[in-house]
Amino acid sequence: MHHDDTRIYGKSLELLSLCAEVIERLPPGYAFLADQIRRASSSVTLNFSEGCGRTSPADRTRFFTMARASAKEVSAILDVGQRFHAIRDNERDRGHDLCDHLAAMLYRFH
């Protein structure tokens, strides 16, 4: 299976794009959030892709589970940033929708 032929991969790239927009607008002093959201959002895409390359069902499940956990982490980072007034409500809401959708798809995928 090619990871780039899946809806999950497309949605994960959509989440990456949103996170890149958020990172560009973070005010000074929020480098810690930029770093965490950059790593967590990248992890969704990268772990899903790596899982698609695994042949063992247990390995696939492990990577898809890590991707799902990273989506949950992105959602929490967006909450933290919004509470610090560094991330806009609409960005957080859009991010939550993407993260929830990805987590549900990843849960069903394996």
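Student: Leaving aside residues up to four places away in sequence, which residues does Val44 touch?

Tutor: In this predicted model, Val44 lies in helix H2, and neighbours up to four places away in sequence are not counted among its partners. The residues that Val44 touches on this basis are Ser12, Leu15, Ala67, Ser70, Ala71 and Leu102.

Student: Is Val44 buried or exposed?

Tutor: The cut-off for a buried residue is a relative accessible area under 20%. Val44 has a relative accessible area of 1%, and therefore this residue of the model counts as buried.

Student: How far apart in space are Val44 and Lys72, C-alpha to C-alpha?

Tutor: Along the sequence, Val44 and Lys72 are separated by 28 residues. In space, the distance between the two, taken from C-alpha to C-alpha, is 9.5 Å.

Student: Which residues have the most contacts inside the largest nonpolar core?

Tutor: The largest nonpolar core is made up of 29 residues, and helices H1 (7-25), H2 (31-52), H3 (57-83) and H4 (89-109) each supply at least two of them. As a general background, nonpolar side chains tend to be buried together in soluble globular proteins. Inside this core, the residues with the most contacts are Leu15, Leu26, Ile37, Phe48, Val74 and Leu102.

Student: Which pattern does the protein follow when read along the sequence?

Tutor: The protein contains four helices and zero strands, so that its pattern, read along the sequence, is α-α-α-α.

Student: What is the radius of gyration of the protein, and how does it stand against the globule rule?

Tutor: For 110 residues the globule rule gives 13 Å, and the value for the protein is close to this, so the protein is as compact as a globular protein of that length. The C-alpha trace, for its part, spans about 45 × 20 × 20 Å along the principal axes. The radius of gyration itself is 14 Å.

Student: What share of contacts between residues at least 6 apart in sequence joins residues at least 24 apart?

Tutor: The contacts considered here are those in the protein between residues at least 6 apart in sequence. Of these, the share that joins residues at least 24 apart is 72%.

Student: Where is His85 found, and is this residue buried or exposed?

Tutor: His85 has a positive phi of about 60°, although this residue is not a glycine, and its place is the loop between H3 and H4. The cut-off for an exposed residue is a relative accessible area over 50%, and because the relative accessibility of His85 is 75%, His85 counts as exposed.

Terms used:
Residues numbered from 1 in each chain as written. Predicted model: local features only at pLDDT ≥ 70, side-chain atom pairs only at ≥ 80, totals over all residues. Heavy atoms only, no water. Helix = DSSP H or I, 4+ residues; strand = E, 2+ residues; numbered from the N terminus. Rg over C-alpha atoms; globule rule 2.2 N^0.38 Å. Contact = heavy atoms within 4.5 Å. Core = buried A, V, L, I, M, F, W, Y, C linked by side-chain atoms within 4.5 Å. Buried < 20%, exposed > 50% of the residue type's maximum accessible area, 1.4 Å probe, protein only.
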